[in-house]
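Here is a set of short exercises to help you find your way around a protein you have not met before. Take a look at the sequence and the 3D view, then try each task before reading its solution.

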Amino acid sequence: VGVHDNTRIPLGILADKKLRRMKMKCHKLFDPIWKNSKYIDKVQLYGKLATLLDIPFSECHFGWFDEDMLIRCLNIMTDKEWYIGVTWTPEKDKAA
């Protein structure tokens, strides 16, 4: 596992082959939404996913998820419009 620049903070958790595949599937569903949109960026999309997972935004990162959480993500993101109508703002997350 790599670390964030100039820190010792890991980028994720050690993953076996199955977990790596699941993380890649999540990114395959997640990344095109924000990369191809004029209306939503990556931060907003992670915020919406955090809301649906009922976790803090600061803990919403595929690299940190275990198998159960990745399954939850895949179940959510299988619906191509999963993020539509989900409300999240950074202020909302800070209040929690």
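The exercises below go from the whole chain to single residues, and the model they use is a predicted one.

**Exercise 1. The overall build**

Task: Work out how many helices and strands the protein has, and in what order the elements run.

Solution:
- Start with the count: the secondary structure comes to four helices and zero strands.
- Now follow the chain from the N terminus, and the elements read α-α-α-α.
- Two of the helices can be placed right away: α1 covers residues 17-35, and α4 covers residues 90-95.
- For the middle of the chain, α2 spans 42-53 and α3 spans 67-77, with a loop between them.

**Exercise 2. Inside and outside**

Task: Find what percentage of the residues is buried, and how much of the accessible surface belongs to carbon and sulfur atoms.

Solution:
- The protein has 96 residues, and 30% of them count as buried.
- Its accessible surface is about 6900 Å², with 55% of that belonging to carbon and sulfur atoms.
- Contacts add to the picture: among those with a separation of 6 or more, 53% join residues 24 or more positions apart.

**Exercise 3. A salt bridge between helices**

Task: Find the partner of Lys18 in a salt bridge, and say which parts of the chain the pair ties together.

Solution:
- A general idea helps to begin with: side chains of opposite charge can pair when their charged atoms come close.
- Lys18 pairs with Glu67, and their closest N and O atoms are 2.8 Å apart.
- Lys18 belongs to helix α1 and Glu67 to helix α3, so the bridge ties together parts that lie 49 residues apart in sequence.
- Next, check the surroundings: Lys18 is partly exposed at a relative accessible area of 47%, and Glu67 is also partly exposed, at 31%.
- The count for the protein comes to one salt bridge.

**Exercise 4. A charged patch**

Task: Name the residues that form a patch of positive charge on the surface, and decide whether Lys17 is buried or exposed.

Solution:
- The patch brings together Lys17, Arg20, Arg21 and Lys25.
- Lys17 sits in helix α1.
- The relative accessibility of Lys17 is 53%, so Lys17 counts as exposed, the cut-off being over 50%.

**Exercise 5. Cys60 and its neighbours**

Task: Locate Cys60, decide whether it is buried or exposed, and list the residues it touches.

Solution:
- Cys60 lies in the loop between α2 and α3.
- Its relative accessibility is 6%, and buried means under 20%, so Cys60 counts as buried.
- Leaving aside residues up to four places away in sequence, Cys60 touches Tyr46, Leu49, Ala50, Leu53, Ile55 and Phe65.
- For a distance in space, take Gly47: its C-alpha atom is 7.7 Å from that of Cys60, with their positions 13 residues apart in sequence.

**Exercise 6. An unusual backbone angle**

Task: Say what the phi of Asp54 is, and where Asp54 is placed.

Solution:
- Asp54 is not a glycine, yet its phi is positive, at about 60°.
- Asp54 is placed in the loop between α2 and α3.
- With a relative accessible area of 70%, Asp54 is exposed.

**Exercise 7. Sequence against space**

Task: For Gln44, Asn75 and Thr87, compare separation along the chain with C-alpha distance.

Solution:
- Gln44 lies in helix α2 and is partly exposed at 33% relative accessibility.
- Gln44 and Trp34 are ten residues apart in sequence, and their C-alpha atoms are 8.7 Å apart.
- Not counting residues up to four places away, Gln44 touches Tyr39 and Trp88.
- Asn75 is in helix α3 and counts as exposed, at 58% relative accessibility.
- The C-alpha atoms of Asn75 and Cys26 are separated by 9.8 Å, while the two residues are 49 apart along the chain.
- Thr87 belongs to the loop between α3 and α4, and its 55% relative accessibility makes it exposed.
- Thr87 and Lys48 are 39 residues apart in sequence, with 6.4 Å between their C-alpha atoms.

Methods. Residues are numbered from 1 along each chain as its sequence is written. This is a predicted model: local features need pLDDT of at least 70, side-chain atom pairs count only at pLDDT 80 or more; totals for chains, interfaces and linings use all residues. Side-chain values use heavy atoms; hydrogens and water are left out. Buried means under 20% relative accessible area, exposed over 50%, partly exposed in between (1.4 Å probe, protein chains only). Contact means heavy atoms within 4.5 Å. Accessible areas come from the Shrake-Rupley method with a 1.4 Å probe; for residues, only the protein chains shown count as cover. Patches are made of residues with over 30% relative accessible area and no salt bridge: like charges are joined within 9 Å, nonpolar side chains (Val, Leu, Ile, Met, Phe, Trp, Tyr) within 5 Å. A salt bridge is a side-chain nitrogen of Lys or Arg within 4 Å of a carboxyl oxygen of Asp or Glu. Lys and Arg count as positive and Asp and Glu as negative; His and the chain ends are not counted. The place of a charge is taken as NZ of Lys, CZ of Arg, CG of Asp or CD of Glu.
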